[in-house]
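Visitor: I would like to learn how to read a protein model one feature at a time. Could you walk me through this one?

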Amino acid sequence: MLLSLLLLLLLLLLLLLLPLAVLRWPQSQNARLSWLVSLQHRVAQGALHWAAAWQQKRLEQSTQSAGQSQQQALRWCLQGAQGPRWPLSGSTDMSTFRNHLPLTKASQVQEEESRGQLLPPTPNQYHGEASLQATLLGLAALNKAYPKVLAPGGRALVTPSSPWLYPLPWPWQFLGLVSPPGAKDARALLLEALRFPGLRALEARTAVELLDVFLGLEADGEELAEAIATGNPGAPLPTRAAELQEALEQGPRGLALRLWPNLQVVVTLDAGGQAEAVAALGALWCQGLAFFSPAYAASGGVVGLSLWPDQPRGLYLLLPEAPFIELLPLKEGDWEEAAPTVLLAEAQKGEKYELVLTNHASLTRCCLGDVVQVVGAYNQCPVVRFIYRLGQTLSVRGENTGEDVFSEALDQAVRQWPGAKLLDHGCVESSILDSSEGSAPHYEVFVALKGLRNLSEENRDKLDHCLQETSAGYKSLRFRGSVGPAQVHVVGQGAFRALRAALAACPSSPFPPEMPRVLRHRHLAQLLQKRVVS
């Protein structure tokens, strides 16, 4: 309603200004086009300033009264709930709510979704008020940190889907974006971006998708340069094509800044499992650039937004409005079924919690598996950093090797592999692939590397040594021979892109796409196994 009213006011303003504008209408066609672009941009900037100020006011009000805001969020989630899931219509008492709706793990929710008992998450869940707020405030914060990013020709989207969760209508489409509206072909989007050397922001839905873009750019550089040199009829760009070829010849490190010397920031959506891609991009192709994620999205909706593009990546404000968020205290990383959840205003700085989400689509108190640590506060709401995901745990003999522990060990091992940079990885328990026959159960580890194609046995063994140094439980099992050494396999380029395509085709695939690190299904593990090159 508010957005529609704003657009109506803008239309009225334009109708009033047009008679005056005609009096100043430039005579030449090029001048008229430039004038029109400038007018559209000024209208879009004004609309963004007004709408973001309104959303900032709403954010201040909701976070200053977090308890009341969460009561309203819970009431919204329970509206229309019928049947055994919520028999007490109209009640938002927290004790009653907790007693009637027990905590459910995300894996249980996915099983129920697959049987049709719950509505699976869809992209439409993100087109609500929280997504609009995250998009408007994110754009405003980005513009404040990097003032020329939203100027005409300042931004380019290089993946079919955007990191901005709410698809903004006119006039915000004119905020510097050079990508054709509605374009869904990744190659066409990349070509359009390459034609504009003055870009200041590069956008992709997720970091892993942007990594695919740069890998594809390296692989198809000559073909892309030829397409740019040919250009549209009457508009060839031979100089730009030569610049592209020269930039590619110098290797991946710093490639983005060689292609776009004014580039300042990379915008992607944080959705879990993106840290390795961000690290690889920052060390190689996007070296020297800032990274910004406007929001953290889970399968039930937007749970946090970022207001600080100039601060270290990964800090998010948890929102007190819908979807309804609870925090489950963690002790030593374990899921405590008996532990009572706390509301946002009750969160303690330095403590770790698992996120619990209840949304309007499926009335389920779902433990997402995302573990956050409170690092500060914004009024009465916590500012958090996402640490790891509980569902990405390896266990072949009752041990629990968490995502954070394994990633730390893998990073240590990769640093000992000469010239290697980790791009992606996936793990499989040996029973999934039946690879432990005649030997102790173990971890099968698939890695995508840059700068190193073949691994010696000595280097492969370093991962197992690092795991023993990182995890005392794993070291004890290895000492007793209960667990065999981790097996490392290098996969070829495109292996993890194929894995993501297979994951996206699953009916219960999360939106936005998270990148799993532990594969539980044989067909997904075999997909990587078939692409092993070393």
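Guide: Gladly. Let us start with a loop: N379 sits between β11 (366-378) and β12 (381-389). Keep in mind as we go that this is a predicted model.

Visitor: What is the sign of phi at N379?

Guide: First the general idea: most residues other than glycine have a negative phi, and most peptide bonds are trans. Here, N379 has a positive phi of about 55°, although it is not a glycine.

Visitor: Is N379 buried, partly exposed or exposed?

Guide: The class follows from relative accessible area, with buried meaning under 20% and exposed over 50%. N379 has a value of 38%, so it counts as partly exposed.

Visitor: You also mentioned trans peptide bonds. Which residues does a cis peptide bond join here?

Guide: Look at A322 and P323: the peptide bond between them is cis, with omega about 0°. P323 lies in the loop that links β8 (315-318) to β9.

Visitor: That takes us to β9. How many of its residues are buried?

Guide: Strand β9 covers residues 324-329, and five of its six residues are buried, which makes it a mostly covered strand. For the chain, buried residues make up 51% of the 534 residues.

Visitor: How should I read the pairing of β9 with β10?

Guide: The general idea is that strands of a sheet pair through backbone hydrogen bonds, either parallel or antiparallel. In this case β9 and strand β10 (residues 352-358) run antiparallel and are joined by six bridges. To find the register, locate P329, which stands opposite Y353 in β10.

Visitor: Now a sheet with several strands, please. In what order do β2, β3, β4 and β5 come, and how do they pair?

Guide: These four strands form an open sheet ordered β2-β3-β4-β5, with parallel pairing. At its edges are β2 and β5 (290-292), each of which pairs on one side only. On average, neighbouring strands of this sheet are turned by 20° against each other, ignoring direction. For one pair in detail, take strand β4 (residues 265-267) and β5: they run parallel and share three bridges. V266 has F291 in β5 as its bridge partner.

Visitor: And where is L177 placed relative to β2?

Guide: L177 belongs to the loop between β2 (155-157) and α7 (186-194). Although L177 and G154 are 23 residues apart along the chain, their C-alpha atoms are separated by 6.4 Å. Beyond neighbours within four places in sequence, L177 is in contact with R155, A156, L157 and E203. Its relative accessibility is 32%, so L177 is classed as partly exposed.

Visitor: What share of the contacts in the chain joins residues 24 or more positions apart?

Guide: Among contacts with a separation of 6 or more, such residues account for 70%.

Visitor: Which strands stand at the edges of the sheet made by β13, β14 and β15?

Guide: This open sheet has three strands in the order β13-β14-β15, and its pairing is mixed. The edges are β13 (421-429) and β15 (487-490); each has a single partner strand, so one side of each is left without a neighbour in the sheet. The twist from one strand to the next averages 25°. Eight bridges connect β13 with strand β14 (residues 443-450) in the antiparallel sense, and G426 stands opposite F446 in β14.

Visitor: Let us turn to helices. At what angle do α17 and α18 cross?

Guide: Helix α17 (residues 495-504) and helix α18 (residues 522-529) cross at roughly 160°, and their axes come within 9 Å. Angles over 145 degrees count as roughly antiparallel, and α17 and α18 are therefore roughly antiparallel to each other. The crossing is right-handed. In the contact, A495, F496, A498, L499, A502 and L503 of α17 meet L524, L527 and L528 of α18. By class, the residues of this contact are nine nonpolar, no polar and no charged.

Visitor: Which residues make the contact of α13 with α15?

Guide: Geometry first: helix α13 (residues 403-414) and helix α15 (residues 457-470) pack at about 135°, with axes 8 Å apart. They are therefore oblique to each other, and their crossing is right-handed. On α13 the contact uses V405, F406, E408, A409, L410, Q412 and A413, and on α15 it uses K462, L463, C466, L467, E469 and T470. The contact of α13 with α15 has eight nonpolar, two polar and three charged residues.

Note on methods:
Residues numbered from 1 in each chain as written. Predicted model: local features only at pLDDT ≥ 70, side-chain atom pairs only at ≥ 80, totals over all residues. Heavy atoms only, no water. Axes fitted to C-alpha atoms, helices over the stretch in contact; angles between N-to-C directions. Helix = DSSP H or I, 4+ residues; strand = E, 2+ residues; numbered from the N terminus. Parallel < 35°, antiparallel > 145°, perpendicular 65-115°, else oblique. Left-handed = near helix turned anticlockwise from the far one by under 90°. Contact = heavy atoms within 4.5 Å. Nonpolar A, V, L, I, M, F, W, Y, C, P; charged D, E, K, R; others polar. Buried < 20%, exposed > 50% of the residue type's maximum accessible area, 1.4 Å probe, protein only. Pairing = 2+ DSSP bridges.
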